[in-house]
Amino acid sequence: MDTKEKSDVFQKRIDNGEKIEPKDWMPERYRKQLIRMMSQHAHSEIVGMLPEGNWITRAPSLKRKMVLLAKVQDEAGHGLYLYSATETLGVKRKDLVEDYLYGKAKYSSIFNYPTLTYADICVIGWLVDGAAIVNQTMLAKSSYGPYARANLRICKEESFHKKQGYEMLAKMAGGTPEQQKMAQDAVNRWWWPTLMMFGPPDEESPNSAELITWAVKTKTNDELRQSFVDRTVMEARKIGVTLPDPDLKYNEETGHWEYGEIPWDEFWRVIKGDGPMNRERLKARRKAYEEGAWVREAAMEYARKKKYREGKAS
Amino acid sequence: MKTNQEWPLWEVFYQPGNGKPFEHAGSVHAPDAEMALQNARDTYARRNEGIAIWVVPSDQITASTPEDVGPFFDPANDKAYRHPQFYSVPRAVKKRK
């Protein structure tokens with residue numbers, strides 16, 4: 001079979017809803033797009049530990065500290081599921097990580113915003129993890145088997161993340177006037193960046209059509225964004241916080257909540273490296289990687305010696 | 001600062017419950033088997049997903065290839081007599097089940 005015939009068979013398998021597994025034939029471009037998208041997803045989980053990790057030592061109670069620790073540990077786990085899945089495409093984890101630390105690989109723009117108060121931790125759980133659930137529920141049906149399975153695993157843990165944030169924000173929004181103000185301020189700052197998490201509008205999203213043809217994604221950025229807005233409006237009302245969008249209104253005909261203009265200039269600025277925390281995040285990740293290098297080397301050397309001794313003894 | 005080596009890759013299998021068969025979970029990097037087990041627990045069993053874990057060096061796994069899938073499995077294709085449906089049983093006996 002030539003490449004054209006192989007591509008046709010491949011597309012037929014996709015259209016039949018079959019999963020593609022690591023050793024199956026796949027178009028080079030499919031592999032490349034998956035590596036780009038999956039490693040970007042993995043980097044996001046890892047960077048995502050930084051804004052929340054920032055508050056672990058200052059959690060308001062022991063209970064909240066344990067919850068936040070568990071959540072941040074989960075984010076590390078999610079990163080690892082995704083790196084593991086990406087490696088099935090024949091790339092080395094080290095190269096993926098270094099492409100992000102020293103190269104051009106990107107991660108979600110949302111993690112380039114600072115966490116100013118503990119209310120930000122509540123809102124990240126509610127909005128940021130809520131948005132991630134919408135996206136990852138779709139990706140759990142992705143055509144690439146290992147990616148779908150990694151997302152399924154992630155989804156099972158993500159609803160704890162959202163619920164702990166929503167519960168905590170509800171408490172804060174029903175608290176003292178000062179707490180209420182903190183809660184609303186955090187919602188105001190995170191709302192628009194959260195909507196940007198779904199990526200640029202469909203007409204400006206260069207990769208979407210291709211990814212949908214290959215069933216890597218099954219919904220467009222705007223469809224996912226809409227479904228997130230629809231469910232969030234109700235949740236905001238129930239706990240008495242206001243979404244900072246004066247244009248937000250219900251459309252009886254479509255059954256959807258229409259939202260105002262998203263500040264896309266800001267999105268592109270952050271993506272290109274000029275968000276409030278881009279430099280800080282990269283600096284922190286490089287520091288961790290470089291200062292951990294001797295530990296990784298020492299562990300490897302210890303394993304080598306142990307094996308050598310065991311060989312000698314027997 | 002780039003590095004030129006990484007810890008070996010291990011495939012992780014876990015047993016979801018007593019009496020259940022082991023399932024593939026994913027992979028971890030670790031310098032030796034002992035750390036591979038610990039990393040596998042922290043990565044894939046933070047919520048009691050498994051009651052036992054196996055780790056296997058990834059390069060020790062031999063797998064069938066998709067290209068050979070036809071000839072590799074076709075000896076099973078024409079042996080319907082390996083299934084109970086191949087045999088007929090008197091109606092009365094069938095009913096008593």
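In which strand of chain B does Val28(B) lie? Val28(B) belongs to strand β2 of chain B, residues 23–29, where strands (E, at least two residues) and helices (H or I, at least four) are DSSP runs numbered from the N terminus. The structure is a predicted model, in which local features need pLDDT of at least 70 and side-chain atom pairs count only at pLDDT 80 or more, while totals for chains, interfaces and linings use all residues. Residues are numbered from 1 along each chain as its sequence is written, chains are lettered from A and ligands numbered from 1 in the order in which they are written, and side-chain values use heavy atoms, with hydrogens and water left out.

Val28(B) makes a good starting point. With a relative accessibility of 4%, Val28(B) counts as buried (buried means under 20% relative accessible area, exposed over 50%, and partly exposed in between, with a 1.4 Å probe and protein chains only). Contact here means heavy atoms within 4.5 Å. Not counting residues up to four places away in sequence, Val28(B) touches Pro8(B), Leu9(B), Trp10(B), Val12(B), Ala36(B), Asn39(B), Ala40(B), Thr43(B) and Tyr44(B). Val12(B) sits 16 residues from Val28(B) along the chain, and their C-alpha atoms are separated by 7.2 Å.

Elsewhere in chain B, Asn48(B) is found in the loop between α1 (33–44) and β3 (52–57). Its phi is near 55°, a positive value in a residue other than glycine, and at 69% relative accessibility Asn48(B) counts as exposed. Chain A offers a companion case: phi of Ala215(A) is also positive, near 55°, in a residue other than glycine. Ala215(A) lies in the loop between α9 (208–213) and α10 of chain A, but counts as buried at 18% relative accessibility.

Helix α10(A), residues 221–239, packs with helix α8(A), residues 177–196; their axes come within 10 Å and cross at roughly 150°. Axes are lines fitted to C-alpha atoms, for helices over the stretch in contact, and angles run from 0 to 180 degrees between N-to-C directions. On the α8(A) side the contact involves Trp191(A), Thr194(A), Leu195(A) and Met196(A), and on the α10(A) side Arg225(A), Phe228(A), Val229(A) and Thr232(A).

A second helix pair in chain A joins α2(A), residues 28–47, to α5(A), residues 93–101, at an angle of about 70° with axes 10 Å apart. That makes the two roughly perpendicular, a label for angles of 65 to 115 degrees. Ile35(A), Ser39(A), His43(A) and Val47(A) of α2(A) meet Leu96(A), Val97(A) and Tyr100(A) of α5(A). Of the 20 residues of α2(A), 14 are buried, so this helix is largely enclosed by the rest of the structure.

Beyond α5(A), the loop leading to α6 (118–139) of chain A holds Asn112(A), which is buried with a relative accessible area of 2%. Asn112(A) and Ile271(A) are 159 residues apart in sequence, yet 9.0 Å apart in space, C-alpha to C-alpha. Contacts of Asn112(A), leaving aside neighbours within four places in sequence, include Val270(A), Gly275(A) and Arg281(A).

Finally, the two chains meet through 27 residues from chain A and 27 residues from chain B. Together they bury about 2400 Å², 49% of it on carbon and sulfur atoms; buried area is the accessible area (1.4 Å probe) that two parts lose on being put together, summed over both. Lys23(A), Arg153(A) and Met300(A) supply 25% of the area that chain A buries against chain B, more than any other three residues.

Technical notes: Angles under 35 degrees count as roughly parallel, over 145 as roughly antiparallel, 65 to 115 as roughly perpendicular and the rest as oblique.
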